[in-house]
Amino acid sequence: MSGLFFNVSPFIRALPKAELHLHLEGTVSPQTLSELSRKHNTPMPVENNRYAINPDSGSELTVADVERLYEYTDFQGFLMAFKAVTERLRTPEDYELITYRMLQQLRDENVFHAEAFVSVGVIHWRGQEFEHIFEGLERGRITGERDFGVSLLWIFDAVRNFGADEAYKVADEAVAYRERQLAETGKSSVVGIGIGGDELRGAPELFRNTYRYAANHDLRLTAHAGENAGPGSIWGALNIGAERLGHGLNAFQDAELIEHLAEKQIPVEVCISSNLRTGCCKRIEDHPVKKMFDAGVMITLNTDDPAMFGTSLNKEYQLAQDVFGFSDEQLREIARNSFEASFLGAEEKVGFLDLLDAQSTKA
Ligand SMILES: [Zn+2]
């Protein structure tokens, strides 16, 4: 999809939007990764790497190298690229830089609010010290919010194939940072937890305790579900308390499930380009985004890993219009969903929805 060049309409550009399914590590542009690779052109130190990664992993990359790295056509290729990025994210300053640049990119897309996953599971797995990394993330968030006026909340993401104990540690960390921030300032940027990774190697039921623990500590719950597994994985995510669903691509294999999602208005974080690039959806015309919308499911549009999929939120909206025939009014409804389905408080949601309404009276 990175080869698709199309013009984004002025309507889409001006539409205030929120992005609810966005991995921080997937926003690292070829330029930034090349920059980081010059800084960290040595393999990850072995003592910091409990699981012995390929020793060639630290090689220096040019922008063209990264562009090639991002040109995969299947899930394995995507995982390799994701790994190449995380291997070059080492210091708190690296995380500060990519957070700041992510907010800058969001501002360019007229995204006013984002809820970004940070792969805390991967940071643990690498044996990296999260404490200082979190300080870097927060510095990037605070300066980015100030400079670009984009609000950002964190969702700590666990990797399901690392198992239930590792996921619990991620939730525990989310609880600790949230409570610390609440005690210090009365507000927290850590809003929830999620599980990502290979659904076939980590059924939702394994994470029931983790989700219960997080919910009991006022964290919100989302889960990648129905991306590379069937409807059973989506029902499983709902059964452990997921309030939003990442992808939900395969929900349509189960009519009862679609009816349930529509009736309960469970938000689905749809990521069209991602599904094509990972091969989870073979042909764009088979993507169920419009069918879900027409069936009354509360969908949102998202980029997942925009730099790695050669997309942006405006492009996803334009793609929805060009390929699936969503009208401007329908796209506005999707933008409205994106604020309503966010984990913001009621008052903040109203503020953003007012912005959206003000834009519609202008148009
Ligand atoms: Zn994702």
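In which kind of crossing, left-handed or right-handed, does α14 pass α15? Keep that question in mind while you walk through this predicted model, beginning at the metal and ending at the two helices.

**Stop 1: the zinc ion.** Select the zinc ion together with His-21, His-23, His-224 and Asp-304, which are its protein donors and lie 2.1 to 2.3 Å from it. Each of the three histidines offers its NE2 atom, while Asp-304 offers OD. If you follow the chain from donor to donor, you will find the spacing H-x1-H-x200-H-x79-D. The angles that the four donor atoms subtend around the zinc ion run from 85 to 174°, and the arrangement is therefore irregular.

**Stop 2: two of the donors.** Now select His-224, which sits in strand β5 (residues 220-225), and then Asp-304, which belongs to the loop between β8 (299-301) and α14 (313-324); the pair thus ties together parts that are 80 residues apart in sequence. His-224 counts as buried because its relative accessibility, 5%, is under the cut-off of 20%. Asp-304 is buried as well, with a relative accessible area of 3%.

**Stop 3: the two helices.** From that loop, move on to α14 and select it with helix α15 (residues 328-340), whose axis comes within 10 Å of the axis of α14 and crosses it at roughly 140°. Here the opening question finds its answer, since α14 passes α15 in a right-handed crossing. To see where the helices meet, show Tyr-317, Ala-320 and Gln-321 in α14, and opposite them Asp-328, Leu-331, Ile-334, Ala-335 and Ser-338 in α15. Coloured by class, this contact shows five nonpolar, two polar and one charged residues.

Terms used. Residues are numbered from 1 along each chain as its sequence is written. This is a predicted model: local features need pLDDT of at least 70, side-chain atom pairs count only at pLDDT 80 or more; totals for chains, interfaces and linings use all residues. Side-chain values use heavy atoms; hydrogens and water are left out. Donors are N, O and S atoms within 2.8 Å of the metal (3.2 Å for Na, K and Ca); water is not among the atoms, so sites may look incomplete. Four donors count as tetrahedral if all angles lie between 85 and 135 degrees; four count as square planar and six as octahedral if opposite donors are over 155 degrees apart and all others between 65 and 115; anything else is irregular. Helices (H or I, at least four residues) and strands (E, at least two) are DSSP runs, numbered from the N terminus. Buried means under 20% relative accessible area, exposed over 50%, partly exposed in between (1.4 Å probe, protein chains only). Axes are lines fitted to C-alpha atoms, for helices over the stretch in contact, and angles run from 0 to 180 degrees between N-to-C directions. A crossing is left-handed if the near helix is turned anticlockwise from the far one by less than a right angle, and right-handed if clockwise. Contact means heavy atoms within 4.5 Å. Ala, Val, Leu, Ile, Met, Phe, Trp, Tyr, Cys and Pro count as nonpolar, Asp, Glu, Lys and Arg as charged, and the others, Gly among them, as polar.
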